[in-house]
Amino acid sequence: AADDAMYLAKGAGKNQVYFPGVASKRSVYMLSPAELTNAIANDELELFFQPIMSIHSGTILKAEALVRWNHPRLGRLSPDHFIPLAEKNGIIGRLGNWVERQALCQLERWTTLFGEDFQLAINKSALELIDPEYGACQLEQQLLCRKLSGKNLVIEITEHSMLEYSEATQNELGKYRALGVQIALDDFGTGYSSLMHLKHYPVDYLKIDRSFVSSLNQSNIDYRLCKGTTHLAKLLNVQVVAEGVETQAQHDLLKPLGCDFIQGYFISKPVSAIEFEHMAYRHNHTRIKPDLTAPLF
Ligand code: C2E
Ligand code: MG
Ligand code: MG
Ligand code: MG
C-alpha cells in the first residue's frame, strides 16, 4: 500500500520520495544518510525472501534475501531507493553487516527446518566487499558463533556499483570461498556483470538477468542469449539461475536449455520470513518424502 502512496519523480535523485497530493503540489521527501544510519540501528530494515526453485526436482531449498526499509513516515521502501544512498555515503558496509546477521539468524532456523542443503543468498555490491571494516573476517566470527557452515550462504555480487575487475575484490571473494561461502554473479549480461568476472572471480552461480528472460518466448535473440549463456556456464562448471521468471511458458523454455534454478513471480514474489517458511515447507513437503527418523521440528 505504501508503494502506491508515493512514487519517485522521473529524473529526480533516487533518494527523493514524493508524496502524492494535489496534482500540482506534491511534497518531496529527501532521505538522508543520517536517517538511514539510524534506521539500521533501530531495526527499521527488514529482509524479504524470494524462493529459488530447482527446475529439475521442483524443490525450494534456496532463497534470496532482499532488504526493505520500513520507514516510519513513508512506509516500505524498496532497496533501489536507499542502496545507492548507502553506497555514496559509506554506510553500505554497515547495512551489509546488518543484512548478514539477519540472514545467518534465518539460516540457523532454516537449515534445521529444511536440511543441510538449504542455501540463503544475500546481495553485496563490490564496494561493500572491499570495505576494510567488514568482510570475510567478520563473517567467519559470526559463523563460528552460530555453529553454521559457510556452504549455506551465497553472496550475490550485484550490479549497482560493480566496479571493473579488481584484485582486491578477487582476494576478498577468495576469503569468502575459503569459508565455504558460494559466489553468484547477479544480473549477468548487463552493466558490469561480465566475462571478466567469470574469468577472475571464483563463481558458483550465474544469474541470467530478468531482461533476457522476460521476452524469452517472444524474442529469438533473447532465447539464444539464454541458451548461449547457459551453455557457457556449463562449460565453466557454473550453475545457472534464471531471474524474473513470470510465466509457465518461460519456465518450459528454460528447462530444456539446461537452466538449473528459476526465481520469479511465477514461483513467488519476495515475502516475509514467516510467509517464506510456510510456503517452502508446504511446497517441499509434497515433493520430498519425509524422513521419519529425523523429524523436522
Ligand atoms: P536483484 O538482486 O537482481 O534482485 C532481484 C529483483 O527483482 C528484486 O527487486 C525482486 O523483487 C525483483 N524480482 C524478482 N522476481 C521478479 C519477477 O518475476 N518480475 C519482476 N518484475 N521483478 C522480479 P528488489 O527487491 O526491489 O531489489 C532490487 C535490487 O536491490 C536487487 O536486485 C539488488 O541488486 C539490490 N539489493 C537488494 N537487497 C540488497 C542488499 O541487502 N544489499 C545490497 N547491496 N543490495 C541489495
Ligand atoms: Mg540478487
Ligand atoms: Mg538480479
Ligand atoms: Mg538487479
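Trainee: Why is glutamate 156 called buried in this predicted model?
Mentor: The relative accessible area of glutamate 156 is 2%. Buried means under 20%, so glutamate 156, at 2%, counts as buried.

Trainee: What makes glutamate 156 a donor of the magnesium ion (ligand 2)?
Mentor: A donor atom must lie within 2.8 Å of this metal. The protein donors of the magnesium ion (ligand 2) are Glu64 (OE), Asn123 (OD1), Glu156 (OE) and Asp186 (OD), and they lie 2.0 to 2.2 Å from the ion. Along the chain these donors follow the spacing E-x58-N-x32-E-x29-D.

Trainee: Why is it said that glutamate 156 and aspartate 186 tie together parts of the chain?
Mentor: Glutamate 156 lies in strand β7 (residues 153-157) and aspartate 186 in strand β8, so the pair joins parts that are 30 residues apart in sequence.

Trainee: What makes aspartate 186 a bridge?
Mentor: Aspartate 186 coordinates both the magnesium ion (ligand 3) and the magnesium ion (ligand 2), and the two ions are 4.1 Å apart.

Trainee: Which residues coordinate the magnesium ion (ligand 3), and how do you know that they are donors?
Mentor: The coordinating atoms come from Asp186 (OD), Asp187 (OD) and Glu243, which supplies OE twice, at 2.1 to 2.5 Å. The cut-off for a donor here is 2.8 Å, and the range of 2.1 to 2.5 Å falls within it. The donors of this ion have the spacing D-D-x55-E. Aspartate 186, in strand β8 (residues 182-188), and glutamate 243, in the loop between β10 (239-242) and α11 (248-257), are 57 residues apart, and the pair links distant parts of the chain.

Trainee: Are aspartate 186 and glutamate 243 buried or exposed, and how do you know?
Mentor: Aspartate 186 has 4% relative accessibility and therefore counts as buried. Glutamate 243 has 10% relative accessibility and is likewise counted as buried. The cut-off in question is 20%.

Trainee: Which residues come nearest to ligand 1?
Mentor: Of the 26 residues around ligand 1, the nearest are Glu64, Arg68, Asp186, Glu246 and Tyr265. The shell divides into 8 nonpolar, 7 polar and 11 charged residues. The largest share, 4 residues, comes from β4, while β4 (60-71), α3 (79-88) and β8 each supply at least two.

Trainee: What makes the approach of arginine 68 to ligand 1 a polar contact?
Mentor: A polar contact is a pair of N or O atoms within 3.5 Å. An N or O atom in the side chain of arginine 68 is 2.8 Å from an oxygen atom of ligand 1, so the pair meets that limit. A nitrogen atom of ligand 1 is 3.1 Å from an N or O atom in the side chain of arginine 210, and a polar side-chain atom of glutamate 128 lies 3.3 Å from a nitrogen atom of the ligand. On its own, ligand 1 has 810 Å² of accessible area, of which the protein covers 89%.

Trainee: How do you know that the length of helix α4 agrees with what is expected?
Mentor: Helix α4 (residues 92-114) has 23 residues, which at 1.5 Å a residue should span 33 Å. The C-alpha atoms at its ends are 31 Å apart, and this agrees. Just after α4, glycine 115 takes a positive phi of about 105°.

Trainee: What makes the phi of lysine 147 worth noting?
Mentor: Most residues other than glycine have a negative phi. Lysine 147 is not a glycine, yet has a positive phi of about 55°. Lysine 147 is found in the loop between α6 (136-145) and β7. Aspartate 43, also not a glycine, has a positive phi of about 55°, and its place is in the loop between α2 (33-41) and β3 (45-54).

Trainee: Why is lysine 147 called exposed, whereas asparagine 220 is called partly exposed?
Mentor: Exposed means over 50%, and lysine 147 has a relative accessible area of 78%. Asparagine 220, in helix α10 (residues 220-235), has 47% relative accessibility and therefore counts as partly exposed.

Trainee: Why is glutamine 250 called buried, and which backbone oxygens does its side chain reach?
Mentor: Glutamine 250, found in helix α11, has a relative accessible area of 4% and is therefore buried. Its side chain reaches the backbone oxygen of serine 214 at 3.0 Å and that of valine 213 at 3.4 Å.

Notes:
Residues numbered from 1 in each chain as written. Chains lettered and ligands numbered in written order. Predicted model: local features only at pLDDT ≥ 70, side-chain atom pairs only at ≥ 80, totals over all residues. Heavy atoms only, no water. Donors = N, O, S within 2.8 Å, 3.2 Å for Na, K, Ca; no water. Buried < 20%, exposed > 50% of the residue type's maximum accessible area, 1.4 Å probe, protein only. Near = heavy atom within 4 Å. Polar contact = N/O pair within 3.5 Å; in protein donor to acceptor, adjacent residues only side chain to side chain. Areas by Shrake-Rupley, 256 points an atom, 1.4 Å probe, with all protein chains shown as cover. Nonpolar A, V, L, I, M, F, W, Y, C, P; charged D, E, K, R; others polar. Expected span 1.5 Å × (residues − 1).
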